[in-house]
Amino acid sequence: AGGQESDYELSQIVIVPMEWDQERFGLGQKYDVHDGQQRLVTLCLMLAALRESFKGDDDKGTVTELTNMLNPPKVRKDDILRIQLRSRDNEMLTRVLKAEMDNVDESSIGKELRNAKTMSPANRHILENYGRFLFRVRSFTSEERVTLLDYLSMRVHMLVCVPDTPSIARNIVMSQGKGMDNEPIDDFKGLICFRYTSNEDDMQETFDNWDKLAATPDIENNIVGRDVITAACLLRASAVLRSKIGKNDHIFAFEAWLRQEIAGATTKTDGKDFFANYIEPASLALGRYRDLNHSEKAFSFSARARAGKVGTMIAMRLTFLRALTSSVGATKELEIVILELLLRSTGKGGSGGEKRMTLEQVDKYLNHVERLALWMALTKPPASKRYLRCFELLEKIEADENLDDDINYSSISDEEQVNLREGLVSFDFGLTPTGRKIATALLERLNSYTLFGDADDQEAAPSLSGNTGTVQLHVEHILPV
């Protein structure tokens with residue numbers, strides 16, 4: 001109003017204090033930016049572009065002023081930039097702020113972008129935007145540049161919020177409606193890659209490995225997708241904590257699982273180790289189990305299970321269980337136990353450490369899981385009871401008990417077995433889509449067992465693994481309608 005320029009508000013930024021080496025850098029403070037990084041980097045790029053444009057005007061005073069704003073001068077101390085990114089994404093920003101790019105023009109930036117095939121997306125965006133700012137301000141007159149600099153220095157404001165801890169910072173950001181599209185797995189990824197990993201190179205390596213695992217699913221190349229990683233983390237957290245995890249408790253359960261595994265590790269373990277030893281193996285095992293093309297060879301990554309009667313029986317059991325857990329909601333919790341057994345069979349990522357479970361043990365435990373699955377599918381017990389049965393079986397697995405020798409344990413009680421038999425007789429399998437899926441799974445399981453038995457009589461057990469050279473046996477099913 002009245003011909004006066006109004007102030008420009010850049011809203012609130014949220015920063016958290018970090019360690020500061022006063023002996024090296026002198027007075028000052030270092031902060032971790034939780035909200036506002038893009039705005040701060042953009043402002044610095046605009047100031048850097050103005051600095052370069054004033055060089056063309058031979059305005060050494062203004063060039064020095066802008067240089068000091070971006071790279072505060074220190075007396076008898078090391079220099080430090082106003083803002084830095086993670087090492088992988090910081091290369092281009094550092095070069096821009098330190099004025100290490102000579103003869104910058106549209107042609108030189110375009111050439112650098114074309115030649116830098118390994119440039120990270122962040123570095124590429126920084127260089128592209130710096131080029132846009134630079135070409136724009138170079139089209140201004142000297143007076144227009146001074147006016148812009150004065151406006152940025154005196155009229156552009158932002159509210160700075162400095163909470164004491166990262167958790168408070170996250171709550172503040174979330175309360176503003178930002179980051180609401182983030183899922184708990186995204187926050188867990190941040191914890192793993194950055195808070196619980198100390199070495200910066202390890203941070204970026206873990207971050208990249210997580211992104212690769214979470215890309216568009218391609219099981220043959222060990223890529224499972226984001227949803228499978230989420231499911232695997234939930235299943236493992238539930239197994240380790242022996243708890244049903246509520247919808248709003250995911251991130252708390254994830255971190256509790258992380259802390260428990262790190263605390264129980266015999267060697268020093270950080271976020272990088274946790275991803276490699278727990279998250280990645282669990283995600284790959286679950287991805288193979290769930291994938292339709294791997295339903296009969298979920299154990300094919302184990303050389304011990306590629307041939308032999310026990311390996312074939314395990315494959316048949318997993319095929320049946322996958323058919324139920326993928327389509328019958330009342331059996332979904334059993335993936336907690338199934339994933340534990342898959343991991344224990346390899347000696348990596350499970351609760352048994354590096355000790356491998358024998359295939360004979362795996363087969364016997366899966367037999368109990370099959371009984372539970374059929375009982376859950378037909379009788380549909382409440383979720384609390386389903387979780388309880390899963391945790392009871394996990395306790396047996398943890399104790400390394402031979403269930404065949406434990407006459408006091410049965411995955412389902414005598415009464416439940418009677419109810420199950422009655423259910424198999426009276427259940428109207430053709431009434432609902434779920435019922436038809438249960439019927440299909442049962443018939444396929446019976447047929448595979450019959451074929452397996454016939455081959456066993458001939459001393460030539462058929463391979464159901466799906467590997468090259470195996471025979472796929474199929475029987476036509478007459479399904480209820």
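Ten aromatic pairs, written as 10 in the count, are present in the structure, which is a predicted model. A pair of aromatic rings is described by the distance of the centres and the angle of the planes. In the pair formed by F188 and F274, the ring centres are 6.3 Å apart and the planes meet at 80 degrees, so the geometry is edge-to-face. Since F188 belongs to helix α9 (residues 184-195) and F274 to helix α13 (residues 271-290), this pair ties together parts of the chain that are 86 residues apart in sequence. Both partners, F188 and F274, are buried.

F274 also pairs with W257, again edge-to-face, with 4.8 Å from centre to centre and 65 degrees between the planes. W257 sits in helix α12 (residues 250-264) and F274 in α13, so here the parts tied together are 17 residues apart in sequence. The relative accessible area of W257 is 1%, and with the cut-off for buried residues at under 20%, W257 is therefore counted as buried. For F274 the relative accessible area is 0%, which likewise makes F274 buried. A wider view of these rings is given by one aromatic cluster, formed by F188, W210, F254, W257, F274, F275 and Y278.

The helices that carry W257 and F274 also pack against each other. The axes of α12 and α13 come within 12 Å and cross at roughly 110 degrees. Angles of 65 to 115 degrees count as roughly perpendicular, so α12 is roughly perpendicular to α13. On the α12 side the contact is made by W257, L258 and E261, and on the α13 side by F274, Y278 and I279. Sorted by class, the residues of this contact comprise five nonpolar, no polar and one charged.

For the protein as a whole, 19 helices and three strands are found. Of the 481 residues, 43% are buried. Among contacts with a separation of 6 or more, 67% join residues that are 24 or more positions apart.

Several helices further along the chain can be described in terms of length and burial. Helix α14 (residues 309-325) has 17 residues, which at 1.5 Å a residue should span 24 Å; the end C-alpha atoms of α14 are 24 Å apart, so the expected and modelled spans agree. Most of α14 is covered, with 14 of its 17 residues buried.

Helix α15 has 12 residues and reaches 17 Å from its first C-alpha to its last, close to the 16 Å expected. It too is mostly covered, as 11 of the 12 residues of α15 are buried. The buried set consists of E335, I336, V337, I338, L339, E340, L341, L342, L343, R344 and S345, and includes charged side chains such as E335, E340 and R344. What do the buried residues of α15 pack against? Their partners are α11, α13, α14, α16 and α17. Just after α15, G347 takes a positive phi of about 75 degrees.

Helix α17 has 16 residues and extends 22 Å from its first C-alpha to its last, close to the 22 Å expected at 1.5 Å a residue. Buried residues in α17 are R386, Y387, R389, C390, F391, L393, L394, K396 and I397. These buried residues pack against α11, α15 (335-346), α16 and α18 (414-426). After α17 comes D400, with a positive phi near 55 degrees.

The packing of α17 on α16 deserves a description of its own. Helix α16 (residues 359-379) and helix α17 (residues 383-398) lie with their axes 12 Å apart, at an angle of about 175 degrees. The two helices are therefore roughly antiparallel to each other. From α16, the residues Y365, V369, L372, W375 and M376 meet K385, R386, R389, C390, L393, K396 and I397 of α17. By class, this contact has eight nonpolar, no polar and four charged residues.

Helix α11 (residues 226-241), a partner of the buried residues of both α15 and α17, contains R226. Is R226 buried, exposed or partly exposed? The relative accessible area of R226 is 34%, and R226 is therefore partly exposed. Leaving aside residues up to four places away in sequence, R226 touches E183, I185, D186 and A214. Of these, D186 is 40 residues from R226 in sequence, while the C-alpha atoms of the two residues are 9.6 Å apart in space.

Terms used
Residues are numbered from 1 along each chain as its sequence is written. This is a predicted model: local features need pLDDT of at least 70, side-chain atom pairs count only at pLDDT 80 or more; totals for chains, interfaces and linings use all residues. Side-chain values use heavy atoms; hydrogens and water are left out. Helices (H or I, at least four residues) and strands (E, at least two) are DSSP runs, numbered from the N terminus. Buried means under 20% relative accessible area, exposed over 50%, partly exposed in between (1.4 Å probe, protein chains only). Contact means heavy atoms within 4.5 Å. Axes are lines fitted to C-alpha atoms, for helices over the stretch in contact, and angles run from 0 to 180 degrees between N-to-C directions. Angles under 35 degrees count as roughly parallel, over 145 as roughly antiparallel, 65 to 115 as roughly perpendicular and the rest as oblique. The expected span of a helix is 1.5 Å times one less than its number of residues. Rings of Phe, Tyr and Trp (its six-membered ring) pair if their centres lie within 6.5 Å; planes under 30 degrees apart count as stacked, over 60 as edge-to-face and the rest as tilted.
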